[in-house]
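Student: Could you take one loop and look at it closely for me, then work outwards from there? I'd like to know where it sits and what goes on around it.

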Amino acid sequence: MTTRSFIILFAIAVITGLGVLVPQLFTIGLVLLVLFVVVLAADWVMLHTRSAVEASRECADRFSNGDDNEVRLRVGNNSLFPLSVQVIDEAPVELQRRDLSFRLRLASGQADTIVYRLRPVERGLLSFGDIMVYASTSLGLAQRQFRCPASQEVKVYPSYMMLNRMEMLSVSNSLVEAGIKRIRRVGNNTDFEHIKDYVQGDDYRTINWKASARRHQLMVNVYQDERSQQIYSLIDKGRVMQQAFNGMTYLDYAINAALVLSYVAMNKDDKAGLMTFAEEFDTFVPASRQHGHMQTILENLYRQQTTFGEPDYSSLLTQVNRFVNKRSFIVLFTSFAGMSDLKRSLPYLKQLNKRNRLLIVFFEDVELSDFIASPTADEQDYFQHVAAERYQYERRLIANTLRQNGIYSMITTPDQLIVNVVNRYLEMKSRNQLT
């Protein structure tokens with residue numbers, strides 16, 4: 001029975017009760033009660049003549065982490081009467097959505113589609129439940145519950161939607177819309193190979209004057225066509241990467257950025273690889289650009305499990321030297337807790353940078369920056385601002401220390417990580433700084 005039914009019953013009870021004072025009202029109340037029971041029974045019969053309502057869910061078998069994923073609910077009225085329905089979808093509990101309730105008015109034989117979007121912030125398996133539908137006729141005295149079986153499991157992968165968007169924009173030459181800069185490559189598409197004696201017909205622009213002065217004869221540089229370079233995404237899965245922004249951890253932002261960087265690198269004829277570590281070296285995917293390699297990277301990124309341990313850079317250095325036998329461009333996604341954290345790892349980072357070209361990407365705390373920009377209200381608030389500004393100063397000091405030791409670095413907000421990393425890679429590639 002609906003709220004309307006109880007309101008009517010209350011009114012009938014009041015009228016019947018007033019029959020103590022006015023006897024005619026008691027008779028009227030009984031007549032109204034009989035009419036109510038008859039109409040309620042008719043309403044119940046209309047809802048139970050047959051399976052009046054059906055509902056189903058349509059969505060992808062995998063979701064993109066950090067993106068809005070579309071879900072469609074199709075609801076149909078199979079009864080002979082118009083129905084008012086309330087549709088409640090049992091979304092995965094991990095998403096904490098309690099607002100997935102929709103109201104529709106369906107004519108007899110009519111079907112309608114409800115579209116809503118879900119934004120997961122963690123990789124893994126999500127389980128949808130059934131679809132609950134509460135139907136009532138135009139009388140609105142009774143309501144019938146329908147449980148439509150729609151149990152479904154969906155895997156949440158790193159942000160493959162960004163890959164699809166990049167691919168579409170690259171086809172239409174509109175990558176600027178995604179924030180990717182157009183960077184003109186400087187110089188020829190060739191790599192230096194060796195120096196040889198000058199012979200007639202060699203390009204005079206390739207003469208190596210220093211070598212010629214030492215040998216007392218003309219020497220020229222020999223170039224070869226540019227070979228593909230190895231690009232590795234190295235992801236720290238330690239404690240500091242569990243900090244969250246907009247409900248998603250730094251680790252998941254880094255995973256999404258590593259996926260897009262690998263895609264862009266392979267489209268630039270480079271080889272993309274993947275490494276992850278925390279207390280110990282964890283995942284290694286050799287750099288390649290063969291068919292199906294992006295799917296391999298995607299599956300490995302999907303399986304990454306978070307850890308709250310401290311990253312071991314000594315073990316990392318040993319394993320990288322073991323597996324990476326060619327000078328490569330390594331993008332390290334991490335987040336230093338402070339200068340003391342950097343000092344512990346700096347000797348190993350310097351060694352890693354000696355054999356490879358290292359770019360360290362760490363995160364700017366957006367909430368802390370907003371707090372620093374806010375006005376101070378009292379003395380305690382002032383000291384909190386000082387502490388926050390000191391932390392921000394340490395971030396700049398970390399970047400400066402890395403630069404002094406010949407290591408490239410970049411500080412970025414989590415929401416701009418993908419665009420900034422891709423732009424930095426394209427910029428360094430155009431300047432021949434990847435190796």
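Tutor: Let's start with Gly-292, which sits in the loop between strand E17 (281-288) and helix H6 (293-302). Those labels are DSSP runs counted from the N terminus, with at least four residues for a helix (H or I) and at least two for a strand (E). Keep in mind that this is a predicted model, where local features need pLDDT of at least 70, side-chain atom pairs count only at pLDDT 80 or more, and totals for chains, interfaces and linings use all residues. Numbering runs from 1 along each chain as its sequence is written, and side-chain values use heavy atoms, with hydrogens and water left out.

Gly-292 has a relative accessible area of 39%, so it counts as partly exposed; that class falls between buried (under 20%) and exposed (over 50%), using a 1.4 Å probe and protein chains only. Its C-alpha is separated by 51 Å from that of Ala-213, and the two residues are 79 apart along the chain.

The loop between E17 and H6 also holds Arg-289. The side chain of Arg-289 meets that of Asp-269 in a salt bridge, 3.0 Å from N to O (the rule wants a side-chain nitrogen of Lys or Arg within 4 Å of a carboxyl oxygen of Asp or Glu). Asp-269 belongs to the loop between helix H5 (250-267) and strand E16 (271-277), and Arg-289 to the one between E17 and H6, so this contact ties together parts 20 residues apart in sequence. Both ends are partly exposed: Asp-269 at 46%, Arg-289 at 39%. Asp-269 has another quirk, a positive phi of about 70 degrees although it is not a glycine. Most residues other than glycine have a negative phi. Gln-96 does something similar, with phi near 55 degrees; it lies in the loop between E4 and E5 and, at 55% relative accessibility, counts as exposed.

Back to the charges: the count comes to 15 salt bridges. One of them joins Arg-72 and Glu-70, with the closest N and O atoms 2.9 Å apart. Arg-72 is partly exposed at 34%, and Glu-70 is partly exposed at 33%. Asp-130 and Arg-147 form another, at 3.3 Å between the closest N and O atoms. Asp-130 is in the loop between E7 and strand E8 (131-136) while Arg-147 is in strand E9 (residues 144-148), so that pair ties together parts 17 residues apart in sequence. Here the two ends fall into separate classes, as Asp-130 is buried at 14% and Arg-147 is partly exposed at 47%.

Arg-62 brings in the aromatics. Its charged end sits over the ring of Tyr-157, 5.3 Å from the centre, and Arg-62 also lies over the face of Tyr-160, at 4.7 Å from the ring centre. To qualify, NZ of Lys or CZ of Arg must be within 6 Å of the ring centre and within 35 degrees of the ring normal.

As for rings with rings, a search of the whole structure finds 10 aromatic pairs. Rings of Phe, Tyr and Trp (its six-membered ring) pair if their centres lie within 6.5 Å; planes under 30 degrees apart are stacked, over 60 edge-to-face, and the rest tilted. Phe-63 and Phe-128 have ring centres 6.2 Å apart and planes at 80 degrees, so they are edge-to-face. That pair links distant parts of the chain, with Phe-63 in strand E2 (residues 62-64) and Phe-128 in strand E7 (residues 124-128), 65 residues apart. Phe-63 and Phe-128 are both buried. Phe-245 and Tyr-253 make a tilted pair, 6.2 Å centre to centre with 50 degrees between the planes, and they are buried too. Tyr-232, Phe-281, Phe-284 and Phe-323 form one aromatic cluster, and Phe-281 and Phe-284 fall within the 281-288 range of E17, the strand that leads into our loop.

One last stop is strand E5 (residues 101-106): Phe-102, Leu-104 and Leu-106 make its covered face, and Ser-101, Arg-103 and Arg-105 its uncovered one. E5 pairs with strand E4 (residues 83-89) in the antiparallel sense over 6 bridges, where the rule asks DSSP for at least two bridges. Within that pairing, Val-85 stands opposite Leu-104 in E5.
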